[in-house]
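Q: Could we go through this structure together, feature by feature, with the general idea stated before each case?

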Amino acid sequence: MSALIGAGVVSGCTVPAAQHAVPTADPAPGMPIASSRRARLMQILAHPDDDLYFMNPDTRLMLDAGVPLVCVYVTAGEHNGQNRIPGRHGEVHSDRAAYSSARHQGLRQAYAELLGLDTFTPWTRGVASLRGDRLAEVDTLSHGNRRVELVFLNLPMNTARQRSALPALWRDRGLGVQTVIAKDSPLRRTVPYDYDGLIDVLVGLMEQYRPTVIQTLDPDPDIQHSDETTRRKDSEQPGYSDHADHTAAACFSWAAMVRWVRDATADGGQVPGFVATAFRGYYNRHWPKNLPPRVLKEKASHLVPYGGDPRWQCGNPSGCGDYAVGGVRPLRNRKGWVRSTHHRYPGARPVAVTGPDGRIAAYGVLGLRAVRWRETRPGSGLWGAPDDLGGGPLAPTLGAAALQDGRQLLFALRFAAIGGRGASNRREIVVLEQRAPGGEFLAWDGLGSPEDTDDGSRRIGVPVAVTAADGRVHLFVRNAARGLSTRVRETDGTWGHWRDLGGEDVQDGLSAVVDGAGLVHVFAAGRARVHHWAQGSADGPVVFREGDLDSLPLPGGPVSALPSGDDGIELYYRAPASAHLLSVRAIGTPARTRRIRNLDGYGPVSVAAVPGGRAFLGRDQRGRIELVTPAGRMRRPDALGSPALVVHRSGVTAVGLEANAQPWMLRPGRVGAGVAG
């Protein structure tokens, strides 16, 4: 059975009517889920270099772990055909086919080095047949247990009328384009693409390679109003903080994932067992930088062979890279794209809780649908097979809150509609409520969006929720204005209306806690300060506390809040471009800021109170997951987002996802990973 996103009512989720909506799988729970012990990463890019700028170090970490990589480049990257050499002045000859070829050669150079091989190692280059009698160049290189395939679809960057082709293909009815053949390519003929044809090709590639991880660009970038001169210098589309090609490529990618799941589950088939991650693009330009020097140096170094040099003897007559990107230029570029790596949907993956029987339960998203894994028995360290909870298509990060009777609430950001050519493109928040503690769930229910328009709904963030001392559940999301919005669930199960809490210029990745006095607090990293919202009394509303934390150090990314004492709250985060973890007493006395020793790294950190002190979970500077408790330090290589930290009767446990889309567990005294046989 299938349904159309944007048509009718789906399991309590109200969605608007639309034309050309992308069909989705039945959102009802209980479908079988495909499982694979073999990991494979597929990343879908608009241009050559998008992966190196925006997806590293995540991609490199998986490649280093032996995960096979398939990179799909949608456009030829030919731009205006001018491969400008820095320092040389005068007119540059335009040759689109040659510039595309040079950029492809730059990618081969970059990934050869990422595989640990010589820069100019020869690749196996061939032609692959795709759906719809289409063709693509596929370049392959292996080294030991590591393998990279570069798939060049070669759609043009511009139409015959000099419009951006990929956004137009997503937006306009009846538009078709013809591919570009890069010079020195084994391809010998161009092929046509239209809207349905591109989605169909991407679905075919997913079906062929069956990735367990799919990485995309940002389908819903922030609203960004710049003057025209600044916008053009920043290479951004009007009104939004990203390149229009990035947005269109991401929308096509998510539409293809939705269709792949629909096709795979038709007639009782299995849900493909993959996880998705979307990365911010030119967003990096506008926010504090979040990579410390050591991590940044490594990331930027992989753009050096991509940029290449005109003096190199690389064996490609059309050029040895994208010369304007070579050397130290990415580090000197005022836009600062390379200096950050941001996930579009930040937060712990999966959400981990302790059930009433003592087993750890992990809630995540597989095949764009919610799933639950549970320990086979308390403390076993082994996971049972995942239970399909339905509800898709969902963004990859869930929110959660426990009711006072022990029942679980799950929250998700849902692609309520995704379609081009004038179809509805809308997001909404949905909730799933447990029938009984540790038991099954009711049907998904739609909570709508704090935004009145489809376009506004696309900018909202990942839901975060907390249960107050009085039993009410406070739900928070970052809104399109980059402030905070909330809905509150009363103790009788009814929900209030969306309410705008104000604030401005905050990043997604909210932290909500209840202090020792029973008051709800929310913290968010802003562009220039930490932002804070809180209740004034247990029965009062949460309100914006403008300026009350202005004296705190600026965070480079999400903050983690931990109640401390009767009414105090400690914040943990890293300053911009710093590896050092800071502990900041935000609420209560005495006010202080101190560095947590021996916990240098990058990215967000989870923290929990445990007997004898604190437990910390994050990444070290080599990208390894690190769990530090009073009992010692544990590490494991892992590259999928941010794991969860759960406190239980016997101590503390870290739970995350491997690249094969299976859960792992890290517990002092025990290491467990995977699913019981």
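Q: Which residues form one aromatic cluster here?
A: In this predicted model, one aromatic cluster is made up of Tyr53, Phe54, Tyr282 and Trp337.

Q: How is a single ring pair to be read, and how do Phe54 and Tyr282 fit?
A: A pair of aromatic rings is described by two quantities, the distance of the centres and the angle of the planes. The whole structure holds 18 aromatic pairs, and one of them joins Phe54 and Tyr282, whose centres lie 6.0 Å apart with 55° between the planes, a geometry that counts as tilted. Because Phe54 belongs to helix 1 (residues 50–54) while Tyr282 sits in the loop between strand 13 (275–279) and helix 8 (293–301), this pair ties together parts that are 228 residues apart in sequence. Phe54 is buried at 1% relative accessibility, and Tyr282 is likewise buried, at 6%.

Q: Why is the pair of Phe120 and Trp312 edge-to-face?
A: The planes of Phe120 and Trp312 stand at 75°, with the ring centres 5.5 Å apart, and because planes over 60 degrees apart count as edge-to-face, the pair is given that name. Phe120 lies in the loop between helix 3 and strand 7 (124–130), and Trp312 in the loop between helix 9 (303–307) and helix 10 (329–332), so the contact links parts that are 192 residues apart in sequence. Phe120 is partly exposed, with a relative accessible area of 31%, and Trp312 is partly exposed as well, with 27%.

Q: Where do charged side chains lie over rings, for instance that of Arg527?
A: The charged end of Arg527 sits over the ring of Trp287, at 4.3 Å from the ring centre. Arg134, in turn, lies over the face of Tyr193, 4.9 Å from the centre of that ring.

Q: How many disulfides does a search of the whole structure find, and what does such a link consist of?
A: A disulfide is a covalent bond between the sulfur atoms of two cysteines. The search of the whole structure finds 1 disulfide, formed by Cys314 and Cys320 with their sulfur atoms 2.1 Å apart. The angle about the S-S bond is -85°, and the link of Cys314 and Cys320 is left-handed. Both Cys314 and Cys320 are buried.

Q: Why does Cys71 have no bond to Cys314?
A: The closest cysteine sulfur to that of Cys71 is in Cys314, and it is 19 Å away, which is too far for a bond. Cys71 is buried, with a relative accessible area of 0%, and Cys251 is also buried, with 1%.

Q: How should the length of a helix be read, and what is found for helix 3?
A: An α-helix has 3.6 residues a turn, so residues three or four places apart point the same way. Helix 3 (residues 96–114) has 19 residues, which at 1.5 Å a residue should span 27 Å, and the distance of 27 Å between its end C-alpha atoms agrees with that expectation. Since 17 of its 19 residues are buried, helix 3 is largely enclosed by the rest of the structure. Helix 3 is followed by Gly116, which has a positive phi near 85°.

Q: Is helix 7 mostly covered or mostly uncovered?
A: Helix 7 is mostly covered, with 19 of its 22 residues buried. From its first C-alpha to its last, helix 7 (residues 244–265) reaches 32 Å, close to the 32 Å expected at 1.5 Å a residue. After helix 7 comes Asp267, with a positive phi near 60°.

Q: How do strands pair in general, and in which order do strands 34, 35, 36 and 37 form their sheet?
A: Strands of a sheet pair through backbone hydrogen bonds, either parallel or antiparallel. Here 4 strands form an open sheet in the order 34-35-36-37, with antiparallel pairing. Strand 34 (602–610) and strand 37 (632–636) are at the edges and have a single partner strand each, so one side of each is left without a neighbour in the sheet. On average, and with direction ignored, neighbouring strands of this sheet are turned by 15° against each other. Strand 34 is joined to strand 35 (residues 613–619) by 6 bridges, and Val610 has Gly613 in strand 35 as its bridge partner.

Q: What does the hairpin of strand 14 and strand 15 look like?
A: Strand 14 (residues 351–354) and strand 15 (residues 360–366) pair in the antiparallel sense over 4 bridges, with Ala352 opposite Ala362 of strand 15. There are 5 residues between the strands of this hairpin, in which Gly358 takes a positive phi near 90°.

Notes
Residues numbered from 1 in each chain as written. Predicted model: local features only at pLDDT ≥ 70, side-chain atom pairs only at ≥ 80, totals over all residues. Heavy atoms only, no water. Pairing = 2+ DSSP bridges. Helix = DSSP H or I, 4+ residues; strand = E, 2+ residues; numbered from the N terminus. Axes fitted to C-alpha atoms, helices over the stretch in contact; angles between N-to-C directions. Expected span 1.5 Å × (residues − 1). Buried < 20%, exposed > 50% of the residue type's maximum accessible area, 1.4 Å probe, protein only. Disulfide = S-S within 2.5 Å. Phe/Tyr/Trp six-rings, centres within 6.5 Å; stacked < 30°, edge-to-face > 60°. Lys NZ or Arg CZ within 6 Å of the ring centre and 35° of its normal.
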